[in-house]
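Student: I should like to work through this model with you. Could we settle the vocabulary before we begin?

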Amino acid sequence: MDEDHSTSPEADKETTRLWRTWRTVFEMLQDRGYEVTEDEVQISLDAFRAKYCNQLGYPDRDKMKISARPTEAMLAKYTVPSKPGSSPAAPDCGTVYVEFCPETSGVGTKHVRAFNHFVDEQNFHTGIFITQTPISPSAVRLLTSIPGRIGEHFQEQDLLVNITRHELVPKHVLLSPEEKIQLLKRYRLKETQLPRIQVSDPVARYLGLRRGQVVKIIRKSETAGRYASYRWVI
């Protein structure tokens with residue numbers, strides 16, 4: 001008699017949800033400027049299930065870890081122009097590490113401390129910690145206080161849908177430090193005179209924007225075709 005390898009409806013539902021989140025994560029990394037392949041971005045549900053699910057058909061989050069290096073374009077975008085005669089500045093970006101926490105509840109400082117230790121030990125520039133449930137405020141503070149590193153937190157449900165693909169969300173483009181300088185010179189402005197966008201804004205979080213950066217927002221216009229505005233990240 002043949003064995004029944006079918007999975008439960010609950011396992012299928014969880015796998016489909018997590019597959020959607022997984023794809024959004026790769027789209028997010030690609031949009032930030034990291035080196036990812038189209039095969040990784042476009043992974044099918046069947047391929048995801050074969051690679052990341054256990055024998056019962058449930059996703060095994062312990063297997064779901066990602067690291068990616070910045071592209072040359074990203075390195076350039078995060079490099080402050082050097083002054084004449086001085087050494088070139090190092091880019092303020094590097095390899096990113098993403099981890100899906102397998103715990104279903106009670107994720108707190110103990111888990112974040114272990115994550116921070118791994119990010120620091122492996123010399124990752126940025127660590128993205130993805131959980132199934134909210135984490136405590138103290139855990140959030142701990143995650144964002146790794147010396148010399150950047151720590152970010154998302155819940156899986158935050159990434160079920162890629163909000164930047166929605167037709168009503170305008171395109172956001174991060175300016176390089178040089179582009180920011182030229183913008184302020186052109187309009188004779190101080191950065192504090194620009195309209196603002198919070199780092200907690202959903203698109204700002206998706207793009208990993210940092211305080212002090214400037215983002216260009218491109219909107220469609222019935223009369224002008226499209227027009228650009230700028231926001232200072234606070």
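Tutor: Buried means under 20% relative accessible area, exposed over 50%, and partly exposed in between (1.4 Å probe, protein chains only). Helices (DSSP H or I, at least four residues) and strands (E, at least two) are numbered from the N terminus. The model is predicted, so local features need pLDDT of at least 70 and side-chain atom pairs pLDDT 80 or more, while totals for chains, interfaces and linings use all residues. Residues are numbered from 1 along each chain as its sequence is written, and side-chain values use heavy atoms, without hydrogens and water.

Student: Which residues of helix 5 are buried?

Tutor: His111, Val112, Phe115, Asn116 and Val119 are. They share one side of helix 5, because they cover an arc of only 135° around the axis (taken from the directions from the axis to the C-beta atoms).

Student: And which exposed residues does the face turned away carry?

Tutor: That face of helix 5 has Lys110, Arg113, His117 and Glu121.

Student: What do the buried residues of helix 5 pack against?

Tutor: Their partners are strand 2, strand 3 and helix 6 (137-143), with contact meaning heavy atoms within 4.5 Å. Helix 5 (residues 109-121) lies across strands 2 and 3, at about 150° to strand 3. Such angles run from 0 to 180 degrees between the N-to-C directions of lines fitted to C-alpha atoms, for helices over the stretch in contact.

Student: What span should helix 5 have, at 1.5 Å a residue?

Tutor: Its 13 residues should span 18 Å (1.5 Å times one less than the number of residues), and the end C-alpha atoms are 18 Å apart, which agrees.

Student: Now the sheet: what is its strand order?

Tutor: The order is 1-2-3-4 in an open sheet of 4 strands with mixed pairing, where two strands pair if DSSP finds at least two bridges between them. Strand 1 (65-68) and strand 4 (150-155) are the edge strands, each pairing on one side only. On average, neighbouring strands are turned by 15° against each other, direction ignored.

Student: How many bridges join strand 1 to strand 2?

Tutor: There are 4, and the two strands run antiparallel, strand 2 being residues 96-100. Within this pair, Ala68 stands opposite Val96.

Student: Which strands does helix 1 lie across?

Tutor: Helix 1 (residues 9-32) lies across strands 1, 2, 3 (126-131) and 4, running at about 170° to strand 2.

Student: Back to the loop between helix 5 and strand 3: is Asn123 buried or exposed?

Tutor: Asn123 is exposed, with a relative accessible area of 56%. Its phi is positive, about 60°, although Asn123 is not a glycine. Most residues other than glycine have a negative phi.

Student: And His125, buried or exposed?

Tutor: His125, found in that loop between helix 5 and strand 3, is buried at 13% relative accessible area. Leaving aside residues up to four places away in sequence, His125 touches Asp92, Cys93, Gly94, Thr95, Arg149, Ile150 and Arg210.

Student: Where does Arg188 lie?

Tutor: Arg188 is in the loop between helix 7 (177-187) and strand 6 (196-197). Its phi is also positive, near 50°, and Arg188 is exposed with a relative accessible area of 79%.

Student: Lastly, which residues does the UniProt annotation "domain: RNA polymerase Rpb5 N-terminal" cover?

Tutor: According to the unreviewed UniProt entry, it covers residues 12-117; such annotations may be inferred rather than shown by experiment. That span is 45% helix and 8% strand, and its end C-alpha atoms lie 34 Å apart.
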